[in-house]
Amino acid sequence: MRLAVVVGQPFQDGPYTIRVKVPHGVKLMPHRHPEDRTYTVISGVFYIGLGDQFDAEKLVAYPPGAVIILPGNTSHFHWAKSGEYITQITAIGPLGIEYINSKDDPRSGSSEK
């Protein structure tokens with residue numbers, strides 16, 4: 001995955017906008033963010049599901065141009081199922097992320113890909 005800061009300082013208090021590029025096949029296992037987020041699909045198809053368990057049956061596909069509002073602390077998961085996607089995320093920082101199962105956190109080096 002790649003993250004680019006468009007506006008602001010995501011890890012500080014205040015508004016920010018980032019773009020996230022996720023390669024084909026990558027799964028982001030169930031996690032949540034403390035901040036309310038607005039996702040805009042820039043390219044590709046964005047698959048997102050809600051819940052504490054990854055369940056492909058719960059994935060909803062959003063095409064380019066779609067806007068998704070995700071309240072803070074909502075457990076969710078993503079899958080680049082049909083190809084690479086890019087989403088733009090706007091929120092009020094600081095940015096936070098907590099994986100439901102800590103072994104799924106890609107920052108730990110032991111996540112499923």
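**Exercise 1. A pair across two strands**

Which residue in S9 does arginine 19 stand opposite?

*Solution.* Begin with the basis of the exercise: this is a predicted model in which local features need pLDDT of at least 70, side-chain atom pairs count only at pLDDT 80 or more, and totals for chains, interfaces and linings use all residues. Residues are numbered from 1 along each chain as its sequence is written, and side-chain values use heavy atoms, with hydrogens and water left out.

Step 1. Locate the strands, which are DSSP runs of E with at least two residues, numbered from the N terminus (helices are runs of H or I with at least four residues). Strand S2 covers residues 14-22 and strand S9 covers residues 85-93.

Step 2. Check the pairing; two strands pair if DSSP finds at least two bridges between them. S2 and S9 are joined in the antiparallel sense over nine bridges.

Step 3. Read off the partner: glutamine 88 in S9 stands opposite arginine 19.

**Exercise 2. The chain as a whole**

Describe the overall make-up and dimensions of the chain.

*Solution.* Step 1. Count the elements: there are ten strands and zero helices. The pattern along the sequence is accordingly written β-β-β-β-β-β-β-β-β-β.

Step 2. Compare the radius of gyration with the globule rule (taken over C-alpha atoms; 2.2 Å times the number of residues to the power 0.38). A compact globule of 113 residues would have a radius near 13 Å, and the chain agrees because its own value is 13 Å. The C-alpha trace spans about 35 × 30 × 25 Å along its principal axes.

Step 3. Consider burial, where buried means under 20% relative accessible area, exposed over 50%, and partly exposed in between (1.4 Å probe, protein chains only). Of the 113 residues, 42% count as buried.

Step 4. Consider contacts, meaning heavy atoms within 4.5 Å. Among contacts between residues at least 6 apart in sequence, 69% join residues at least 24 apart.

**Exercise 3. The sheet that contains S1**

Determine the strand order of this sheet and place valine 6 in it.

*Solution.* Step 1. Write the order: S1-S2-S9-S4-S7, an open sheet of five strands with antiparallel pairing. S1 and strand S7 (67-70) have a single partner strand each, so one side of each is left without a neighbour in the sheet. From one strand to the next, the twist averages 25° (axes are lines fitted to C-alpha atoms, for helices over the stretch in contact, and angles run from 0 to 180 degrees between N-to-C directions).

Step 2. Valine 6 belongs to strand S1 (residues 2-8). Valine 6 counts as partly exposed because its relative accessibility is 43%.

Step 3. Apart from neighbours within four places in sequence, valine 6 is in contact with Thr17, Ile18, Arg19 and Gln88. Isoleucine 89 is 83 residues from valine 6 in sequence, with 9.5 Å between their C-alpha atoms.

**Exercise 4. The sheet that contains S5**

Trace this sheet from one edge to the other.

*Solution.* Step 1. The order is S6-S5-S8-S3-S10, an open sheet of five strands with antiparallel pairing. The edge strands, S6 and strand S10 (98-99), pair on one side only.

Step 2. From S6 (residues 60-62), three antiparallel bridges lead to S5, where phenylalanine 46 stands opposite tyrosine 62.

Step 3. Four antiparallel bridges connect S5 with S8 (residues 76-79); here isoleucine 48 faces histidine 78.

Step 4. Strand S3 (residues 27-32) pairs with S8 over three bridges, and histidine 31 has histidine 76 as its bridge partner.

Step 5. Two bridges join S3 to S10, with arginine 32 opposite glutamate 98.

**Exercise 5. The nonpolar core**

Identify the main contributors to the largest nonpolar core.

*Solution.* Step 1. Such a core is a set of buried Ala, Val, Leu, Ile, Met, Phe, Trp, Tyr and Cys residues joined through side-chain atoms within 4.5 Å. The largest has 19 residues, and those with the most contacts inside it are Ile18, Val22, Leu28, Tyr39, Phe46 and Tyr85.

Step 2. At least two core residues come from each of S2, strand S4 (37-43), S5, S7 and S9. S2 gives the most, with four residues.

Step 3. Beyond residues up to four places away in sequence, valine 22 touches Met1, Leu28, Ala80, Glu84 and Tyr85.
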